[in-house]
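Visitor: I would like to learn how to read a structure feature by feature. Where do we begin?

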Amino acid sequence: MSAHSDSAQGNGGNGDQPGTRDPRVLVDEIIDGTSAAALPVRLGQSLPTTLPILVSPVGPVYPGMMATIPVGDPRSQKTLSKAGPHVGILSVKQSASTMEPPLPPEQLYSFGSVARLVQPVNMPDGTPAVAVIGLKRMNLEQFVSSDEMLLAEVSYPEERVVNQREVEVIQSRVRDGMVELVKISPQIPDEIADLARQVPVPGALADFVMATLESSIASKQEILQDLVIESRLRSAWVLVEQRLDLARLGARIHEEIRSKLESRQREHYLREQLQAIRRELGEEVDQRQMDRDTYEKKIADAGMPEQAEERARRELERLTLLPPEASEYHVIRNYLDWLVELPWSRESDQELDISRAAAILDEDHHGLEEIKERILEFLAVRKLRQDQQGAILCLVGPPGVGKTSLGQSVARAMGREFHRITLGGMRDEAEIKGHRRTYVGAMPGKIIQALRRVKNRNPVFMLDELDKLGSDWRGDPSSALLEVLDPAQNNAFEDLYLDLPFDLSHVMFIATANMAAQIPRPLLDRMEVLTLSGYIPAEKRAIGRKYLLPRQLEAHGLDRSHLRITDKALGAIVDNYTREAGVRELERMIGRVCRKVAARVAALPDPSTHEKLLVTPETLPDYLGPRRHFHEVVKRCTRPGVVIGLAWTPVGGEVLFVEATSMPGKGVLQLTGKLGEVMSESARIAHSLLKSQASKYMIPAKVFNELDIHLHVPAGAIPKDGPSAGTAMFAALLSLLWRGKGKVSRARVAMTGEITLRGAVLPVGGIKEKVIGARRAGVRTVVLPEQNRPDVEEIPPEIVKGVKFIFASDIDDVVEAVLGPLPGKGKAPRQPQPPTEANNCAS
């Protein structure tokens, strides 16, 4: 294709000035080398209003543009045989159900173009076709015939310009865009830029762009139907900009790839030059031989088992066959580094002295006598057994009770390295078993990584937050941990990255969790659970004095000459500023006091002249602010319908107030306090039990028909669930309705237990935690199910000191302990009464 650069005068009757050329004449000349004068039908000449129609499956034909249209079907052949020099061209709609000719008229666009038949041609696949040149836009009025050939009446709409200045601006942008597109797109011929420069008529330029650039048939049809020159140019401009963005992106990517290739080639060339220079100087260094010698020595010193050593030497042979520049060379080196640095046979010297271990546990931890005793038994068995197999400990308890520090003490007592592995939120089993080496960036799992870090095969590993493992589509880490924690399997633990068995039987695993119920059952079966309950106030005071205060003084640059906290002040911090099972908040409060003191000492001109600050309960608000927690046991039970229950939480035991009130209604029971399904069922059981035994408690039957009862468990924003509040809910309802008038429950009496519809009291769990929580809240009497008596006997005496227990086998025992003798009975409860000051809140 070539472009003519000479000027020619338009010779149609359209008023063209000398020197201007219609773009359609220009394109005709470019395509077939003829001038407008050679065309039988000139642009200014009238065109027929009845035309035979050719169907174009390849899209519309723009005026002035040549196109090739397949005509292999009989109807198209019939149309060509009877057609004159002009035919109408209509495109097929993209929504057409079939593209097989002959197509019905309703599947064709109603707007097309009139074209001049040039000559018959053949498509590359041999299909007959005809070459046509578009002349003018055409609007279909109606089909005259559609049997053997399509014949239609047409009209020729006129194009129009609304804003000539806008046309000139957009025309310039389109032309410049086409020139730039040709420069950066090698697939577009250079002649296209010359043609774009030589098309002066705006509408023809838009048609030329749409015919040249690739777009959908629907987009081309939309431009063909657009008679407003500005709109047509704007659509062409959008298409040019889209193609420019794609072309620039492609050019940028091509340049980046070319730069990388050139950089690699340059690096390779320089390396070859460097090796040549070293050879000339006699200083050539064979990197592969150096690596081979290094790894040979490391493999010999690693103490690997036979299978691992064989694998390492095989990989080393592969390494020596690869050039150092190869990517797999570094992959193999990384794998060999892991093999030779793992502690296959290295062990730390053990000093397992049971007396020394007991002294270390006592030195590091206050209280926890039962836990210490079980740990010492565990260590004694490990000392006597030579095969290293034994139970795996799992420490379960609220946050801050010393689970992690117990593991550290065990490691120190055994003379072993300690390493903590956090499992909370872990969802990918590859975190435990590693990734296969086929993946890019593959690494071993956390177990093998930790062994490499501690550099011996018999450390103490603490698997922290075992109850917070997750699982998703990537796998289930708890399944991978089964192999780690099972003593019968972990002597041949196989990491996917190493693809070799590693003996974990020498590792001592200690797991921790806050809630045993959330540990996957298969894992729980492989461990021995040691439960750490919360500390009582006396233990917290001792821990604060012995451990927390010295640690915080050191952390804040102070010593005992700067600060003294009295025992009463320390007790006030425990009682009034913390409410927890552990001692983390207590340590934070002590740290806050130390910061205040440090700020005062640092503000002195000479810090060495400071005076010792004394913290007492009276001065404590100056350091910690107003009191945060209040014991409301006495104040909250001054009205009928309020009793105290006991609840177990992940952070220890807590008291739980159950409140009931009534109002005129129809006997509806309303429950609030964000109660779970089980707790809501307990409330309904308590209501049904009380309703069935109303006569026993001298409650008028009409009460349950004329009053609505509302049962609430504060705090309303905290979810609550479990069966252990059954006795408290029954006692609250009975306190509200006692003899139809109500009766205030005894103060400082708390209860827990599940009830049945027949009034039996069933055992519940978490007794130790609940007793600790009750004592912390100031409760003096605790009502428990009879079957929980053995649980109380296992609680250390210092915890139950000052607390009286009443054991109930049925609901009447609970009623007598909480509200007094049953109506009609004058005798006292079977169990001892609480102290005098707690007999009745109303007294």
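Guide: With a definition. Helices and strands are DSSP runs, numbered from the N terminus; a helix needs at least four residues and a strand at least two. Arginine 746 then has an address: the loop between H25 and strand E20 (749-751). Keep in mind that this is a predicted model.

Visitor: How many helices and strands are there in the protein chain?

Guide: The protein chain has 29 helices and 24 strands. Of its 843 residues, 47% count as buried. The accessible surface comes to about 41200 Å², and carbon and sulfur atoms hold 50% of that. Take contacts between residues at least 6 apart in sequence: 74% of them join residues at least 24 apart.

Visitor: Back to arginine 746. Which side chain of opposite charge is nearest?

Guide: First the general idea. Side chains of opposite charge can pair when their charged atoms come close. The cut-off for a salt bridge is 4 Å between nitrogen and carboxyl oxygen. For arginine 746 the nearest candidate is glutamate 816, 8.2 Å away. Arginine 746 is buried yet has no salt bridge. Its side chain does reach the backbone oxygen of alanine 817, at 3.4 Å.

Visitor: How many salt bridges does the structure hold?

Guide: The structure holds 37. Start with helix H9 (residues 306-321), where arginine 313 and glutamate 309 both lie. These two form a salt bridge, with the closest N and O atoms 3.2 Å apart.

Visitor: Why does spacing within a helix matter for such pairs?

Guide: An α-helix has 3.6 residues a turn, so residues three or four places apart point the same way. Arginine 313 and glutamate 309 are four residues apart, about one turn of the helix. Glutamate 315 and arginine 318 are three residues apart in helix H9, again about one helical turn. They too form a salt bridge, and their closest N and O atoms are 3.2 Å apart.

Visitor: Is glutamate 315 buried or exposed?

Guide: Buried means under 20% relative accessible area. Glutamate 315 has 5%, so it counts as buried. Its partner arginine 318 has 36% and counts as partly exposed. In the other pair, arginine 313 is partly exposed at 29%, and glutamate 309 is partly exposed at 27%.

Visitor: Which salt bridge links distant parts of the chain?

Guide: Lysine 433 with glutamate 483, the closest N and O atoms being 2.9 Å apart. Lysine 433 sits in helix H14 (residues 430-433) and glutamate 483 in helix H16 (residues 477-485), 50 residues away along the chain. Both residues are buried. Salt bridges can also share partners: Arg292, Glu296, Glu309, Arg313 and Glu317 are joined into one network this way.

Visitor: Now burial of a whole element. How many residues of helix H5 are buried?

Guide: Nine of the eleven residues in helix H5 (residues 202-212) are buried, so the helix is largely enclosed by the rest of the structure. Among them are Leu205, Phe208, Val209 and Met210.

Visitor: And a single buried residue: what does leucine 736 touch?

Guide: Leucine 736 lies in helix H25 (residues 726-737). At 13% relative accessibility, it counts as buried. Its contacts beyond four places in sequence include Pro640, Ala660, Ile709 and Lys741. The C-alpha atoms of leucine 736 and arginine 639 are 8.6 Å apart, across 97 residues of chain.

Visitor: Which residues form a nonpolar patch on the surface?

Guide: Leu249, Ile253, Ile257 and Leu261, with about 340 Å² of accessible area together. Isoleucine 257 belongs to helix H7 (residues 229-281). This residue is partly exposed, at 47% relative accessible area.

Note on methods: Residues are numbered from 1 along each chain as its sequence is written. This is a predicted model: local features need pLDDT of at least 70, side-chain atom pairs count only at pLDDT 80 or more; totals for chains, interfaces and linings use all residues. Side-chain values use heavy atoms; hydrogens and water are left out. Patches are made of residues with over 30% relative accessible area and no salt bridge: like charges are joined within 9 Å, nonpolar side chains (Val, Leu, Ile, Met, Phe, Trp, Tyr) within 5 Å. Accessible areas come from the Shrake-Rupley method with a 1.4 Å probe; for residues, only the protein chains shown count as cover. Buried means under 20% relative accessible area, exposed over 50%, partly exposed in between (1.4 Å probe, protein chains only). Contact means heavy atoms within 4.5 Å. Lys and Arg count as positive and Asp and Glu as negative; His and the chain ends are not counted. A polar contact is a pair of N or O atoms within 3.5 Å; within protein, one must be able to donate a hydrogen and the other to accept it, and residues adjacent in sequence count only if both atoms are side-chain atoms.
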